[in-house]
Structures are given as C-alpha cells and as structure tokens.
Amino acid sequence: MSGDRPVDGALGEVEHGARLGVLDIGSNTVHLLLVDMRLGGRPVPTRSHRLTLRLMRYLDEDGAITDEGVAALLAAIRECVAIARSEPLDDFVVMATSALREAANGEEVVARIEREAKVTLDILSGPDEARLTFLAVRRWFGWAAGRILLLDIGGGSLEIAMGDDEEPAIALSVPLGAGRSTVGFFRSDPPSLADQRALRMYAKAVLDDAVAQVQPFGRPDHVIGSSKTIRSLARLAGNALPGIGDGDRAVLTRRQLDDWVPRIARMDAASRTALPGITADRTFQIVAGGIVLSEAMRAFRVKELDVSPWALREGRLLQMLDRV
C-alpha cells in the first residue's frame with residue numbers, strides 16, 4: 001500500500017526546501033518526525049512527537065491485537081496525525097512495521113486505522129525495513145565506511161543488512177525484536193537465568209541461519225548498530241569517542257555489553273531507570289535487547305560496533321526526497 005501522500009500540496013521546488021513528515025507505527029512507539037529537507041542539503045528536524053505504546057503487551061494468545069490495543073493505537077495515531085496536519089507539510093507518510101504486519105488480525109486493524117484516522121498506511125516488509133535503515137546509515141557514515149554490516153533491533157524484529165552501496169547486497173529480518181523476545185521468553189521481572197539461557201539458545205539458532213545467508217557477501221569493513229535499544233545500551237555500557245565536528249562517536253564493544261547485561265538482568269524493570277541511558281519506555285525490554293545484540297555480535301564475530309543516530313524514519317525521509 002502506498003503511503004506517499006501529500007498533506008498540503010505536492011512536492012514542488014525541493015531544491016529550495018520542503019517540509020516532510022513520517023509517522024512510524026512501531027512495536028514499541030508511535031513516533032512522528034517532521035524535517036525540513038532540500039536536495040543536497042542536510043535534513044533539519046523541526047518537530048518530534050513520540051508516544052510509548054508497547055504493542056506487544058496487547059497481543060492475545062492467538063497473536064491478535066486486542067480491542068484495548070486497537071483503541072490505544074488509534075488514539076496515538078490520531079494525536080500524531082492531528083499534529084502533522086497542523087503543519088505546512090509538502091508530503092507525509094504513515095508507515096507500519098512488524099507489530100501490525102504480523103498480527104493475526106493485522107489486515108482488519110489496518111483497514112480500521114485507515115478508515116477512522118483517514119490515512120493510508122505503508123506496510124513495510126522486514127527486508128524493506130532493513131533496506132531503508134541501511135540507506136540512512138550509509139548516508140550518515142558515508143562511503144568511507146566501506147562495506148557496512150547493519151544490526152538494527154526493533155521491538156518486533158532484528159534487521160540485518162550488508163553491502164558496499166546505498167542499496168544493501170542482502171537485507172534480512174528475523175523475529176528477535178527486544179519486545180517480542182521479552183514477552184516470548186521472560187516470565188518474571190527480573191528474568192530468571194533459565195529464561196535468559198532459553199532466549200540465548202533461540203537467538204543463536206536463528207542467527208546461525210542468518211549468518212549463513214550473509215557470509216557469501218564477504219566480511220564487513222564497518223559494523224553499525226541502530227535503533228533506540230542499541231543507543232540505550234551504548235549510553236549505558238559503551239564509549240563516547242571524539243567524532244567529526246561537535247558530535248561524539250558512540251562505540252559499543254561486545255566485552256562491555258557482556259559485562260553489563262548480566263548486571264541489569266539482576267535488576268527489576270523499575271530499578272533500571274536509574275541507570276544512564278535506560279529510559280522508562282525501554283526499561284522492560286532492555287535485557288532481552290542486550291542478549292539479542294550480544295548473540296548477534298558473537299554470531300557475526302563482531303568485537304565492536306559504531307552506533308548510528310539515524311535509522312528507519314530517516315531512511316524513509318531520504319527515500320521520499322530521492323524519489324522526487
């Protein structure tokens with residue numbers, strides 16, 4: 001379903017600038033991002049509005065989103081769409097990822113959202129998520145990064161992509177999101193050692209298959225992690241190194257990650273918010289996210305990765321501009 005839908009007229013003289021908006025309906029949040037963009041120019045964010053939803057909490061035993069979950073989702077989307085429509089946007093897209101894509105009643109929920117919120121949803125496949133995030137990461141780090149291996153942990157899935165260009169040579173999506181893994185494996189707070197081991201064993205089995213698919217494309221020159229989960233883990237356990245300009249370079253090593261994950265796993269979710277980088281909207285799933293990232297780095301023999309501030313939303317905005 002196409003989601004490239006003008007709000008206040010079609011894209012015109014974009015070389016002089018355009019205001020674009022993207023609403024990302026994810027497994028954990030509903031996030032609106034508005035930016036001013038022009039061809040050849042740096043995107044300038046003008047507004048960000050995020051609502052924490054944690055849609056995985058609203059799945060019943062059959063994997064369908066409950067009536068309560070649909071109501072919460074609709075309320076969040078309406079709030080964000082109202083903000084978007086109050087702005088002089090040249091183009092606006094509403095996109096949804098694994099939570100809606102894989103829900104047992106996903107088609108029904110999408111139809112209701114489109115009807116009641118009066119929007120058109122762009123339902124991204126897992127590989128499409130990986131490709132768009134890879135585009136954003138490539139633009140952020142540039143050609144000097146060489147062959148990039150991307151790891152992006154969302155709420156519902158882990159995206160993996162690798163390549164030398166802006167379009168990755170391979171793009172995968174596997175069911176190892178931080179929220180999905182928490183709901184699927186952890187039966188207590190904090191999680192038991194047995195539940196943590198079960199998640200590690202499952203992640204290893206899934207990742208062994210992913211590694212087999214990626215290996216024919218060679219070894220990466222640069223490994224990059226994106227998503228709020230990875231950024232949170234890097235702020236907790238990683239290093240801030242001097243970067244180009246005023247920004248720091250955030251680096252996370254597997255050794256640092258494996259030192260911190262057992263510690264935060266012994267804390268309950270409420271206590272983790274006292275730690276640097278662990279926000280209230282991520283605290284319940286940060287342990288599972290850390291385990292998945294640790295196993296992914298181990299599977300791909302990654303000792304350290306750089307953390308990208310850009311991810312899926314920025315990739316979608318760049319794609320919107322590139323298509324003009």
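How close do the axes of H6 and H10 come, and at roughly what angle do they cross? That is the topic of the first of these close-ups, which show a predicted model.

**View 1. Helix H6 crosses helix H10 at roughly 40 degrees.** The two axes come within 9 Å, and the crossing is right-handed. An angle of that size falls outside the parallel, perpendicular and antiparallel ranges, so H6 and H10 are oblique to each other. On the H6 side, look for Gln196, Leu199, Arg200, Ala203, Lys204, Leu207 and Val211. They meet Ala288, Ile291, Val292, Ser294, Glu295, Ala296, Arg298 and Ala299 in H10. Sorted by class, this contact of H6 with H10 comes out as 9 nonpolar, 2 polar and 4 charged residues.

**View 2. Helix H10 also packs with helix H8, with a left-handed crossing.** Here the players are H8 (residues 254–265) and H10 (residues 286–299), whose axes come within 10 Å and cross at roughly 150 degrees. Anything over 145 degrees counts as roughly antiparallel, so that is how H8 runs against H10. From H8, the contact takes in Arg254, Leu257, Asp258, Val261, Ile264 and Ala265. H10 brings Ile286, Val287, Gly290, Ile291, Leu293, Ser294, Met297 and Arg298. The tally for H8 with H10 is 9 nonpolar, 2 polar and 3 charged residues. Ile291, Ser294 and Arg298 of H10 are worth picking out here, since these residues also turn up in the contact with H6.

**View 3. Helix H7 meets helix H8 at roughly 95 degrees.** Their axes come within 10 Å, and the angle makes H7 roughly perpendicular to H8. H7 offers Leu233, Leu236 and Ala237, while H8 answers with Gln256, Leu257, Trp260 and Ile264. No charged residues take part in this contact, which has 6 nonpolar residues and 1 polar. Leu257 and Ile264 of H8 appear here against H7 and also in the contact with H10.

**View 4. The largest pocket has a volume of about 650 Å³.** Its lining counts 39 residues, and Asp24, Arg231, Ala311, Leu312 and Arg313 lie nearest the centre. Strands S2 (29–37), S3 (44–52) and S6 (148–153) each give two or more residues to the lining. So do helices H4 (126–141), H7 (228–237) and H11 (312–322). By class, the pocket lining splits into 13 nonpolar, 15 polar and 11 charged residues.

**View 5. The search of the whole structure turns up 1 cavity of 30 Å³ or more.** The volume of this cavity is about 30 Å³. Lining it are Ser27, Asn28, Arg54, Leu55, Met56, Gly155, Gly179, Phe284 and Gln285. That makes a lining of 3 nonpolar, 5 polar and 1 charged.

**View 6. A cis peptide bond links aspartate 189 to proline 190.** Omega for this bond is near 5 degrees. Proline 190 sits in the loop between helix H5 (178–185) and helix H6 (193–214), so follow the chain onward from here to get back to the H6 of View 1. As background, most peptide bonds are trans.

**View 7. Lysine 118 has a positive phi without being a glycine.** The value is about 55 degrees. For context, most residues other than glycine have a negative phi. You will find lysine 118 in the loop that runs between helix H3 (106–117) and strand S5 (121–123).

Note on methods
Residues numbered from 1 in each chain as written. Predicted model: local features only at pLDDT ≥ 70, side-chain atom pairs only at ≥ 80, totals over all residues. Heavy atoms only, no water. 1 Å grid on protein atoms, 1.4 Å probe; cavity = no way out; pocket = protein on both sides within 12 Å on 5 of 7 lines; lining within 4 Å. Points joined across faces, edges and corners; volume = space filled by probe spheres on them. Nonpolar A, V, L, I, M, F, W, Y, C, P; charged D, E, K, R; others polar. Axes fitted to C-alpha atoms, helices over the stretch in contact; angles between N-to-C directions. Helix = DSSP H or I, 4+ residues; strand = E, 2+ residues; numbered from the N terminus. Parallel < 35°, antiparallel > 145°, perpendicular 65-115°, else oblique. Left-handed = near helix turned anticlockwise from the far one by under 90°. Contact = heavy atoms within 4.5 Å.
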